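Visitor: I should like to take a close look at a single part of this structure. Please describe one helix and its surroundings with care.

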Amino acid sequence: GSSGDIAARADQFKQLKDYILSNSAGRAVIVAGDSNLDGFDPNDEPVLRDFMDQVPLQDACRTLGQGPESIDRFFFRSGSKVRVEPVSWRVATEFKTDSGQPLSDHKAIHVNFEWRLVR
């Protein structure tokens, strides 16, 4: 939560945004991972909104009205030839060690997507 942390997250999302914009024009995109952005946090929400607005991408959790939000996120958009849509979002309870301990310091997210060709 320090100013250095906030700046690092903003810079990382700027780099990701620039890469996607440079390499995916007209294409469907799914970006998934640990964003380290807390939804609706006054420092993180502007970074999240900027990323989603400029690429543009949607957040599967918000699109489906699911929650509670997680720092693990699935961003997506359709392309000129492929339509992508999330159909379910849930906390993924299956990611555990053999002894039943979680594999991460927070709960993973599981999202199912449907896709179809656009003609």
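Guide: A residue is called buried when its relative accessible area is under 20%, and exposed when that value is over 50%. The model considered here is a predicted one.

With these cut-offs, the buried residues of helix α1 can be named: Arg 9, Phe 13, Lys 17 and Ile 20. Viewed down the axis of α1, these buried residues fall within an arc of 70°, so they line one face of the helix. The other side of α1 carries Ser 3, Tyr 19 and Ser 22, which are exposed.

The length of the helix may also be checked. Helix α1 covers residues 3-23, which is 21 residues; at 1.5 Å a residue they should span 30 Å, and because the end C-alpha atoms are 30 Å apart, the expected and computed values agree.

The next matter is what the buried face meets. The buried residues of α1 pack against three elements, namely β1, α2 (45-54) and β3 (72-77).

Two of these partners are strands of one sheet. Strands β1, β3 and β2 form an open sheet in that order, with antiparallel pairing. Its edge strands are β1 and β2 (58-59), as each of them pairs on one side only. Between β2 and β3 there are two bridges, again in the antiparallel sense. In one bridge, Asp 59 has Phe 75 of β3 as its partner. The remaining partner, helix α2, lies across β2 and β3 and runs at about 25° to β3.

One residue of the edge strand β1 deserves attention. Val 29 belongs to β1, which comprises residues 29-34. Val 29 has a relative accessibility of 11%, and because this is under 20% it counts as buried. Leaving aside residues up to four places away in sequence, Val 29 touches Ser 24, Leu 57, Phe 75, Phe 76 and Arg 77. Val 47, by contrast, is 18 residues from Val 29 in sequence and 19 Å from it in space, taken from C-alpha to C-alpha.

Finally, this part may be placed within the whole chain. The chain contains three helices and five strands, and from the N terminus on its elements run α-β-α-β-α-β-β-β. Of its 119 residues, 29% are buried. Among contacts between residues at least 6 apart in sequence, 61% join residues at least 24 apart. The C-alpha atoms fill a box of roughly 50 × 35 × 25 Å along the principal axes.

Note on methods. Residues are numbered from 1 along each chain as its sequence is written. This is a predicted model: local features need pLDDT of at least 70, side-chain atom pairs count only at pLDDT 80 or more; totals for chains, interfaces and linings use all residues. Side-chain values use heavy atoms; hydrogens and water are left out. Helices (H or I, at least four residues) and strands (E, at least two) are DSSP runs, numbered from the N terminus. Buried means under 20% relative accessible area, exposed over 50%, partly exposed in between (1.4 Å probe, protein chains only). Contact means heavy atoms within 4.5 Å. The expected span of a helix is 1.5 Å times one less than its number of residues. The arc is that of the directions from the helix axis to the C-beta atoms. Two strands pair if DSSP finds at least two bridges between them. Axes are lines fitted to C-alpha atoms, for helices over the stretch in contact, and angles run from 0 to 180 degrees between N-to-C directions.
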